[in-house]
Structures are given as C-alpha cells and as structure tokens.
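I opened the notebook to go through one chain, element by element. My entries follow in the order I looked things up.

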Amino acid sequence: MTGAINQAILAIQPMENYNAEYLMQWLRKSKQNIVDTFIQGGQGNLSGTIVKNLIIEVPKYDEQLKIGNFFNNLDNLITLYQRKLNHLKEQKKALLQQMFV
C-alpha cells in the first residue's frame, strides 16, 4: 500500500491484489481502535508512520471484492433510507405546521 499525507489529508493507493473498497471498509471498522491505540491527545491526526505500520488481515482478492461490494451496497442502502426518513420528517413537520396554525 502506498500513500501520501499532508496535514489532515491522507490518500492511500492500494497495490495490486488489494481492493480499495475492502481497505476503506476495514479502515472505517478499525477507526476507533486506531485512534485509541495510536493517537494520544493533541489534534488526533494520523501520521504516515502510523498508517504504514497498520497490520491489515486481507483475504484473497475475490473475497475482498465480495466483502467490499457487500458493505458498499449496504452503505448505499442506508443512505437511501436515511434520505427517505429525512424527507418524511420534513413532510410531517410541514403537515403539522399547516394543521396547528
């Protein structure tokens, strides 16, 4: 895995046979553990050294693809339902305002 860091910006470019979506999902899952383990006080930014020293358990590429795609689809579904919920809440608010002038 290669990457670049500039203050609070981190970019990671996966090497061959590593799926970016899988790695992103793994990092999301591991975020709190990484913060608790490596970041002590201060602003809480990750350094290049911390990222380079992370140990990531990685299955075979086809398994990474399936896992990454599954959680990406789940994230999209959650976003869709969250938007629908927000829309319904706004609709309810508008109806209540009309009803109780």
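**Helix 1 and its buried side**

I began with the buried residues of helix 1, and I list Glu21, Tyr22, Leu23, Gln25, Trp26, Ser30 and Ile34. I then asked what these buried residues of helix 1 pack against. The partner is helix 3, residues 61–99. I note that I am working on a predicted model.

**Overall layout**

I stepped back to the whole chain. I count 3 helices and 2 strands. Along the sequence the order reads β-β-α-α-α. The chain has 101 residues, and 16% of them count as buried. I also looked up how far contacts reach along the sequence. Taking contacts between residues at least 6 apart, I find that 60% join residues at least 24 apart.

**Confidence**

I checked pLDDT before going into detail. The chain mean is 86. A value of 70 or more is reached by 84% of the residues. Which element has the lowest mean pLDDT, and which the highest? Strand 1, residues 2–6, is lowest at 58, and helix 3 is highest at 96. Where pLDDT is low, the predicted coordinates should not be read in detail. I leave the fine geometry of strand 1 alone, given its mean pLDDT of 58.

**The way into helix 1**

I walked along the loop between strand 2 (9–13) and helix 1, where Asn17 lies. Asn17 is not a glycine, yet its phi is positive, about 70 degrees. I marked that backbone angle of Asn17 for a second look.

Next I reached the start of helix 1. Here a side-chain oxygen of Asn19 comes within 3.1 Å of the backbone nitrogen of Glu21. Glu21 is one of the buried residues of helix 1.

I also looked across from Asn19 in space. Glu63 is 44 residues from Asn19 in sequence, but their C-alpha atoms are 9.5 Å apart. Glu63 sits in helix 3. Its relative accessible area is 38%, so I enter Glu63 as partly exposed.

**The kink**

I tested how straight helix 1 is. Helix 1 runs over residues 20–38, which makes 19 residues. A straight helix at 1.5 Å a residue would reach 27 Å, but the end C-alpha atoms of helix 1 are only 23 Å apart. Where is the kink in helix 1 centred? I find it on Ser30, with an angle of about 55 degrees.

I stayed on Ser30, which belongs to helix 1. Is Ser30 buried or exposed? Its relative accessible area is 5%, under the 20% cut-off, so Ser30 is buried. A polar atom of the Ser30 side chain lies 2.9 Å from the backbone oxygen of Trp26. Trp26 is also on my list of buried residues in helix 1.

**Across to helix 3**

I followed Gln25, another residue of helix 1. Its relative accessibility is 11%, so Gln25 counts as buried. Which residues does Gln25 touch, leaving out those up to four places away in sequence? I find Phe71, Asn72 and Asp75.

Tyr22 gave me a second crossing point. Asn69 and Tyr22 are 47 residues apart in sequence, and 7.8 Å apart in space from C-alpha to C-alpha. Asn69 is in helix 3. With a relative accessible area of 39%, Asn69 is partly exposed. Tyr22, for its part, is among the buried residues of helix 1.

**The aromatic pair**

I searched for paired rings last. The count comes to 1 aromatic pair. The rings are those of Phe70 and Phe71, with centres 5.0 Å apart and planes at 80 degrees, so the pair is edge-to-face. I checked how open each residue is. Phe70 has 49% relative accessibility and counts as partly exposed. Phe71 is partly exposed too, with a relative accessible area of 35%. Phe71 comes up twice in my notes, since I had already entered Phe71 among the residues that Gln25 touches.

Key. Residues are numbered from 1 along each chain as its sequence is written. Side-chain values use heavy atoms; hydrogens and water are left out. Helices (H or I, at least four residues) and strands (E, at least two) are DSSP runs, numbered from the N terminus. The expected span of a helix is 1.5 Å times one less than its number of residues. The bend at a residue is the angle between axes fitted to the seven residues ending there and the seven starting there. Buried means under 20% relative accessible area, exposed over 50%, partly exposed in between (1.4 Å probe, protein chains only). Contact means heavy atoms within 4.5 Å. A polar contact is a pair of N or O atoms within 3.5 Å; within protein, one must be able to donate a hydrogen and the other to accept it, and residues adjacent in sequence count only if both atoms are side-chain atoms. Rings of Phe, Tyr and Trp (its six-membered ring) pair if their centres lie within 6.5 Å; planes under 30 degrees apart count as stacked, over 60 as edge-to-face and the rest as tilted. pLDDT is the predictor's confidence in each residue, from 0 to 100.
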